[in-house]
Amino acid sequence: MPPLDLTADEVLTTTRAVRRRLDLDRPVERALIEECLRLATQAPTGRNRQRWDFVLVTDPAKRAALADLYRLGLTRPRQQVVRDGVDRGDPGRGRRISESAQYLFDHLHEVPVLLVPCIRVQGRHENASHVGQANTWGSVLPAVWQFMLAARSRGLGTAWTTPHLHYEREAAELLSIPYETVLQAALIPVAHTIGTDFRLGPRTDVDEIAHWDGW
């Protein structure tokens with residue numbers, strides 16, 4: 001399908017985390033996913049090493065199993081995730097976000113394509129330091145975001161999720177991913193959206209977050 005008639009700024013400002021508006025009944029063409037991947041791999045990557053890989057899960061049984069690991073990550077997490085600290089979100093939107101998250105929890109297995117972006121490493125020790133983590137994730141996350149932008153421009157919705165990483169080893173076994181030398185970055189549902197009109201998200205004013213020449 002041809003890209004939507006959106007400017008670059010519109011794509012950048014209206015690529016939302018889509019959950020309730022994912023079309024669970026409409027298949028996503030493989031060629032469309034491949035278009036998005038071709039654009040994703042034009043993203044910057046550390047020393048141009050291109051260590052990324054993308055696992056696309058369309059098999060219903062594997063989607064169901066992966067969705068179960070996602071749910072386990074939310075209901076029986078293996079690691080403590082600290083949620084205190086900065087929160088600039090609108091408190092009034094909390095219920096809406098919770099309902100949206102619950103919808104994805106209930107229907108993730110029905111999403112036509114589940115994307116697991118990965119990055120190759122020599123070993124998991126590479127992420128032992130903050131510098132190692134910055135280097136590793138900085139070499140794959142721009143490509144994933146570029147995929148999500150490309151998807152938006154083609155009428156596809158996506159959402160960045162990470163709960164399944166509590167059970168990353170089990171996901172690796174399910175998808176035949178080499179656990180010791182390939183890190184999974186996220187689990188991203190991909191589907192056509194119900195409607196293509198998305199608005200800007202509420203965000204903090206730039207004056208509150210910009211620090212010129214120092215904190």
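Here is a short, friendly note on the strands, a helix pair and a few loop residues of this structure.

1. Before you start, please keep in mind that this is a predicted model.

2. A good place to begin is strand β2, residues 113-120. Of its 8 residues, 7 are buried, so the rest of the structure largely encloses this strand.

3. Next, look at the partners of β2. Strand β1, residues 52-57, pairs with β2 in the antiparallel sense over 6 bridges. To find this pairing on screen, go to V57, whose bridge partner in β2 is L114.

4. L114 is also a handy marker for another pairing, since its bridge partner in β5 is P189. Strand β5 covers residues 188-192, and its pairing with β2 is antiparallel, with 3 bridges.

5. Strand β4, residues 182-184, pairs with β2 as well, again in the antiparallel sense and over 3 bridges. Here R120 is the residue to look for, as V182 in β4 stands opposite R120.

6. Now turn to two helices, α3 (residues 60-75) and α7 (residues 168-175). How are they packed? Their axes lie 10 Å apart, at an angle of about 175 degrees. Angles over 145 degrees count as roughly antiparallel, and α3 and α7 are therefore roughly antiparallel to each other.

7. Which residues make this helix contact? From α3 come K62, A65, L66 and L69, and they meet E170, A171, L174 and L175 of α7. Sorted by class, the contact between α3 and α7 has 6 nonpolar and 2 charged residues, with no polar ones.

8. Helix α7 deserves a second look for its buried residues, which are E168, A171, A172 and L175. These residues lie on the same side of α7, because the arc they cover around the axis is only 105 degrees. As general background, an α-helix has 3.6 residues a turn, so residues three or four places apart point the same way. The elements covering the buried residues of α7 include β1, α3, β2 and β4, so you meet the enclosed strand β2 again here.

9. Just after α7 comes S176, which has a positive phi, near 60 degrees.

10. Two other residues with positive phi are worth a visit. N48, in the loop between α2 (30-40) and β1, has a phi near 55 degrees although N48 is not a glycine. Is N48 buried or exposed? Its relative accessibility is 53%, so N48 counts as exposed.

11. D213 sits in the segment after α8 (206-209). Its phi is near 65 degrees, also a positive value in a residue other than glycine. With 87% relative accessibility, D213 counts as exposed.

Technical notes:
Residues are numbered from 1 along each chain as its sequence is written. This is a predicted model: local features need pLDDT of at least 70, side-chain atom pairs count only at pLDDT 80 or more; totals for chains, interfaces and linings use all residues. Side-chain values use heavy atoms; hydrogens and water are left out. Buried means under 20% relative accessible area, exposed over 50%, partly exposed in between (1.4 Å probe, protein chains only). Helices (H or I, at least four residues) and strands (E, at least two) are DSSP runs, numbered from the N terminus. Two strands pair if DSSP finds at least two bridges between them. Axes are lines fitted to C-alpha atoms, for helices over the stretch in contact, and angles run from 0 to 180 degrees between N-to-C directions. Angles under 35 degrees count as roughly parallel, over 145 as roughly antiparallel, 65 to 115 as roughly perpendicular and the rest as oblique. Contact means heavy atoms within 4.5 Å. Ala, Val, Leu, Ile, Met, Phe, Trp, Tyr, Cys and Pro count as nonpolar, Asp, Glu, Lys and Arg as charged, and the others, Gly among them, as polar. The arc is that of the directions from the helix axis to the C-beta atoms.
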